[in-house]
Amino acid sequence: MGSYSRISLQREVVKVNREEIERLKTIEKRVHEIAQENGLITTEIIFELVPPKRMIEAMAYGFPTNFSHWSRGRDFERQRTIYDHTGAGIPYEVVWNFDTPRAFLVDTNPFALNVVILCHVYGHVDFFLGSRYLNRGREIADMAREARNAAKRFQEYEKIYGVDAVEQMIDAAMTIQWIQDPDPFAEDLDEEAVREDLMERERAKLERAKGGLSSEFNLKNYTDKELISINSRLKRLKYRTPPVPTHDVLKYITDHSPKPLRDWERDVLQVVRHQARYLAPQRRTKLLNEGWATYWHTKIIRQLFEEGLLTEREHGVFNQYNSAVLAENKKSMNWYRIGVAMYGYVEDRWNKGQFGIEYEDSNDPRKHLTWDMGAMKGREKLFEIRTAYSDRMAIEEFFTDEFIREQELYIWEQVYWNGEYVDVIVEDRPEVIRQQLKNFHGLYNSPLVTVEDGNYKRRGELYLKHHFTGFELDPRFESGTLEHIYRMWSKPVHLETVEILDEKEVEVKPKHGKSEVVVMRNMRVIVHSYDGKNHTEKEKTVEDSDD
């Protein structure tokens, strides 16, 4: 059993009604008990009541204490200006997935809203502790301590080397911080160990070819051409860096830059990379995490009302803010609304037994509507999703045609008609919507790029490859990113990517199953290079291969 959380107050900044503080502590104790009664994982949580500007600062800096950067100052000033002029623009809560979770509540929130947020945080903390993805983030680092220590070190770097030099290095690292291995559980591998393993495999092939291994392993008779190929691969592996393409571009640059990087520069790159790796699992589960916290805050707050711990007037405050949180937004995905709707949809289906081979094989829509086997496995399925699913997995499995239509998850566009702007649907095909959502939630709009060669043309140049996943690179960001990479690498940088010449949709009708819309594209491969002064672009040729 975890201990109860602590609710503290920054007295030097704000004055808060002491009776409300004590009441909030009492309610928090009961929320802890209700969470445990419902099977949620609980632990000590540190809650802090803070003024709005402290919340804005936390939102801008990412952590309670973190290193400074111009973009964070920009975000802080923008949000503070919005708040000062409108009273809006701050989140209801911020919670961090630390070893001891920490959450901020805003001291100007109505009491009932802070109770809702407290319940919401308990849902988040269970997700932090129960999700294998969020556990992965916590395994990477004690980020509260690391961010705090980095802030101190970076301040010293600014005093010694200047603010501009430090911020330029942070800028460079941030441009590629989200270019990571698509496998969130990928481990850092030692390049030389990988090289030796690959070379050992090639040597074993040579031994088999020479009959040096026992007959049970000598499974293949190699031709002279294949033997030459094996020897050629061995020679390339001996000197090639990296021995195999690597997704972790920032780590590769940090470890191999010919600049050479100074210790403080390498530290900056490592800190930015580490924070991004820590946060990446949260980006992959945002829909599920917010939906889960919303699902549980709704259930827990209702029990608090039933037990008389909140008043009838406070129920009206809850309804007001909960409705705002769950409001439909046609311009973007409302994670809270769609997430909690998905959990409700899954719970209802699994309670009725609407799953499995018999259900899936039934093509009678009328039978599906009345299908109720009384399985009552809904809650069990929800905890399974919390534990083992990413957003993309959930979208693939649970964003059915029925769910997409029910939630009106269409692509909308505002048009001016009859003297006013109205929302119109420009795409309503579930298969198209589902694919777009999967693409976005697979990589979160981050391109898939690998380091192909760190000694391109034997000149120490860097050759990167963009793997096409349905979207071209934005030319503005592409050029800027290469310039930032050059700052870290100091020698010419090359990026292999694609240019879409034209595309069209084709409906494919298989013999069995539903028809699908497939996008057919005519593309060409180009190499975009930057040498520190000029950008050049050309179509890729055989000569561009460095094998």
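The pLDDT is the predictor's confidence in each residue, on a scale from 0 to 100. The structure described here is a predicted model, and its protein chain averages a pLDDT of 86, with 88% of the residues scoring at least 70. Confidence in the chain is highest in helix α17, residues 378-388, at a mean of 98, and lowest in strand β1, residues 6-9, at a mean of 50. Over residues 9-15 the pLDDT stays under 50, and the model has 13 contacts beyond four places in sequence for these residues. Residues 212-219 likewise have a pLDDT below 50, and this stretch has 9 contacts in the model beyond near neighbours in sequence. Where pLDDT is low, the predicted coordinates should not be read in detail.

Pockets were examined next. Rolling a probe the size of a water molecule over the atoms shows where empty space is left. The largest pocket holds about 1600 Å³ of space. Its lining comprises 48 residues, and those closest to the pocket centre are M59, E93, V94, K286 and E290. Two or more lining residues come from each of the helices α2 (52-61), α3 (70-86), α4 (111-130), α11 (263-284), α12 (286-306), α13 (312-325) and α14 (335-352), and from strand β3 (93-96). The most is given by α11, which supplies 7 residues to the lining of the largest pocket.

Charged side chains were then considered. Side chains of opposite charge can pair when their charged atoms come close. The model contains 40 salt bridges. Among them is a network that links R30, E33, E37 and E307.

Three further pairs illustrate the settings of such salt bridges. In the first, the side chains of E139 and R136 meet with an N to O distance of 3.7 Å. These two residues are 3 residues apart in helix α5, residues 132-140, and so are separated by about one helical turn. The partners lie on opposite sides of the accessibility cut-offs: E139 has a relative accessibility of 58% and therefore counts as exposed, the threshold being over 50%, whereas R136, at 7%, counts as buried because its value is under 20%.

In the second pair, R203 and E200 form a salt bridge of 3.3 Å from N to O. Both residues lie in helix α8, residues 191-209, where they are 3 residues apart, about one turn of the helix. R203 counts as partly exposed at 31% relative accessibility, and E200 is also partly exposed, with a relative accessible area of 44%.

In the third pair, R145 forms a salt bridge with D142, and the closest N and O atoms are 3.6 Å apart. R145 counts as partly exposed at 41% relative accessibility. D142 is partly exposed as well, with a relative accessible area of 27%.

A polar residue in a loop was also examined. Q407 is found between α19 (401-406) and β5 (411-417). With a relative accessible area of 11%, Q407 falls under the 20% cut-off and is therefore buried. The side chain of Q407 makes a polar contact of 3.0 Å with the side chain of R337. Leaving aside neighbours within four places in sequence, Q407 is in contact with E328, R337, I338 and A341. R337 thus appears both as the polar partner of Q407 and in its list of contacts.

Key
Residues are numbered from 1 along each chain as its sequence is written. This is a predicted model: local features need pLDDT of at least 70, side-chain atom pairs count only at pLDDT 80 or more; totals for chains, interfaces and linings use all residues. Side-chain values use heavy atoms; hydrogens and water are left out. Helices (H or I, at least four residues) and strands (E, at least two) are DSSP runs, numbered from the N terminus. Buried means under 20% relative accessible area, exposed over 50%, partly exposed in between (1.4 Å probe, protein chains only). A polar contact is a pair of N or O atoms within 3.5 Å; within protein, one must be able to donate a hydrogen and the other to accept it, and residues adjacent in sequence count only if both atoms are side-chain atoms. Contact means heavy atoms within 4.5 Å. A salt bridge is a side-chain nitrogen of Lys or Arg within 4 Å of a carboxyl oxygen of Asp or Glu. On a 1 Å grid over the protein atoms alone, a cavity is a set of points where a 1.4 Å probe fits but cannot get out, and a pocket is an open set with protein on both sides within 12 Å along at least five of seven lines; lining residues have an atom within 4 Å of a point. Grid points are joined across faces, edges and corners, and a volume is the space filled by probe spheres set on the points.
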